[in-house]
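Please open the model in a viewer and keep the selection panel at hand. The tour proceeds by selections, each followed by a description of what is there.

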Amino acid sequence: MSIHVPLPLPTRSHETAPPSALSEKNQTSYDCVLEHFAVVDYTLPNVNQEKAALTEDEKFWLSYECLLRYLRATNWNADMAIKRLEDTLKWRREFGIYDKITPEYIEPEAKDGKGFIFGYDTHSRPAIYISPSKFSTEESHRTVQFIIWMLEHAFDLMGPGVETLALLVDYADNTRNPSFGLCRTALNIIQTHYPERLGLALIAHLPWILNAFITVLTPFMDPYTRQKLVFNPVINENGLFRTVADAEAWDVDSTSRVFEPDQLIQEGWNGLQQFTYSHCVYWEALLKLCEERHSRMFVAWHRMGGKVGIKEWDVKVAVRDETIDAHVDEHGAWTENGHF
């Protein structure tokens, strides 16, 4: 039986744990970054003073885990982390994360099913499927925006303790080089403004003719990104594995499996899900799933103080355990205790 909608979030909460305590040195670095952004009169540098104050969305984004991601990416250098965070805050405004890249604006890019979010790996990371054969060979800014839009919405589908995503790229039926400019632009954005967000990139059915393209693109990847790439993973009746050795050694108690069969689509990935991309059905379901979850998390964040540095773990656990008594009005806006 075919399925046309995203899968629900996994419920394997016992496999995740809250953030561990920081070392004294790292805690000092974190405190420095938090203090910088948490001051009441903080404003973004080199920004029109009328718009320099942080918005609610930006404070929500500046979570405990977000600050740590940037600190790890800068080897716990507080000053460098602050600089990168401020650069990203400005970039998010300029790129239009909060206002321009709306579902209505980006929908034309999604209609052909070149990319979609579906399923979760064995670490509960949401999976983004990409079909290069459906991408134009010309660089398109809206296509880059669509890729980033998918990243942002995959974040909404991460449960407690999950901070990264899985990328599944299927080169079947594709013997042409995708736009090098598009790939380099998207790669640069992800490495610069989404540090430590890529958990794994699985690239299947890569034809030999495209090896040169990958070779040319690789120097633009940082070491962290390169180590996440897995070319032509092994896919069998037990699921998806990084290597032949992992697949052959797998048993029910093993942790080497990357995807279980019931979390993979059948076409191109030999999974059990007979997923067919039907845009009108899928798009509406994805938007509803992401918007409701994001709204619930925003309500939980507000109840916890609505400030910089609140833990994503606490927010997501609150949503998971249904501790937020929220209701949706007829326009889809969340209200607490049924009141506007």
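Begin by selecting Arg125 and Asp121: the two form a salt bridge, with their closest N and O atoms 2.6 Å apart. A salt bridge here is a side-chain nitrogen of Lys or Arg within 4 Å of a carboxyl oxygen of Asp or Glu. Arg125 is buried at a relative accessible area of 12%, and Asp121 is likewise buried, at 1%. Buried means under 20% relative accessible area, exposed over 50%, and partly exposed in between, with a 1.4 Å probe and protein chains only.

The model is predicted: local features need pLDDT of at least 70, side-chain atom pairs count only at pLDDT 80 or more, and totals for chains, interfaces and linings use all residues. Residues are numbered from 1 along each chain as its sequence is written, and side-chain values use heavy atoms, with hydrogens and water left out.

**The hairpin**

Next, select residues 115-120, which make up strand S1; six of its six residues are buried. Helices (H or I, at least four residues) and strands (E, at least two) are DSSP runs, numbered from the N terminus. Add residues 126-130, strand S2, which runs antiparallel to S1 and is joined to it by four bridges. Two strands pair if DSSP finds at least two bridges between them. Which residue of S2 is the bridge partner of Ile117? It is Ile128. S1 and S2 form a hairpin with five residues between them, and Ser124 in the turn has a positive phi of about 65°.

**Further salt bridges**

The structure holds 14 salt bridges. Select Glu260 and Arg257, whose closest N and O atoms are 3.8 Å apart in a salt bridge. Glu260 is partly exposed, with a relative accessible area of 24%, whereas Arg257 is buried at 17%. Move to Arg320 and Asp321, a salt bridge with the closest N and O atoms 2.9 Å apart. Arg320 is partly exposed at 35% relative accessibility, and Asp321 is partly exposed at 40%. Then select Arg69, Arg72, Glu163, Glu196, Glu312 and Lys316, which are joined into one network by salt bridges that share partners.

**Aromatic pairs**

A search of the whole structure finds 20 aromatic pairs. Select Trp91 and Phe95: their ring centres are 4.7 Å apart and their planes lie at 25°, so the pair is stacked. Rings of Phe, Tyr and Trp (its six-membered ring) pair if their centres lie within 6.5 Å; planes under 30 degrees apart count as stacked, over 60 as edge-to-face and the rest as tilted. Trp91 and Phe95 are four residues apart in helix H4 (residues 78-95), and therefore separated by about one helical turn. Trp91 is buried at 11% relative accessible area, and Phe95 is buried at 7%.

Now select Phe155 and Tyr194, whose ring centres are 5.8 Å apart with planes at 40°, so this pair is tilted. Phe155 lies in helix H6 (residues 141-156) and Tyr194 in the loop between helix H7 (180-193) and strand S4 (198-204), so the pair ties together parts that are 39 residues apart in sequence. Both residues of the pair are buried.

**Charges over rings, and a cluster**

Keep Phe155 displayed and add Arg197, which lies over the face of the Phe155 ring at 4.0 Å from its centre. A charge sits over a ring if NZ of Lys or CZ of Arg is within 6 Å of the ring centre and within 35 degrees of the ring normal. At Tyr64, the charged end of Lys311 sits over the ring, 4.9 Å from its centre.

Finally, select Phe116, Phe118, Tyr129, Trp269, Phe275, Tyr277 and Tyr282, which form one aromatic cluster.
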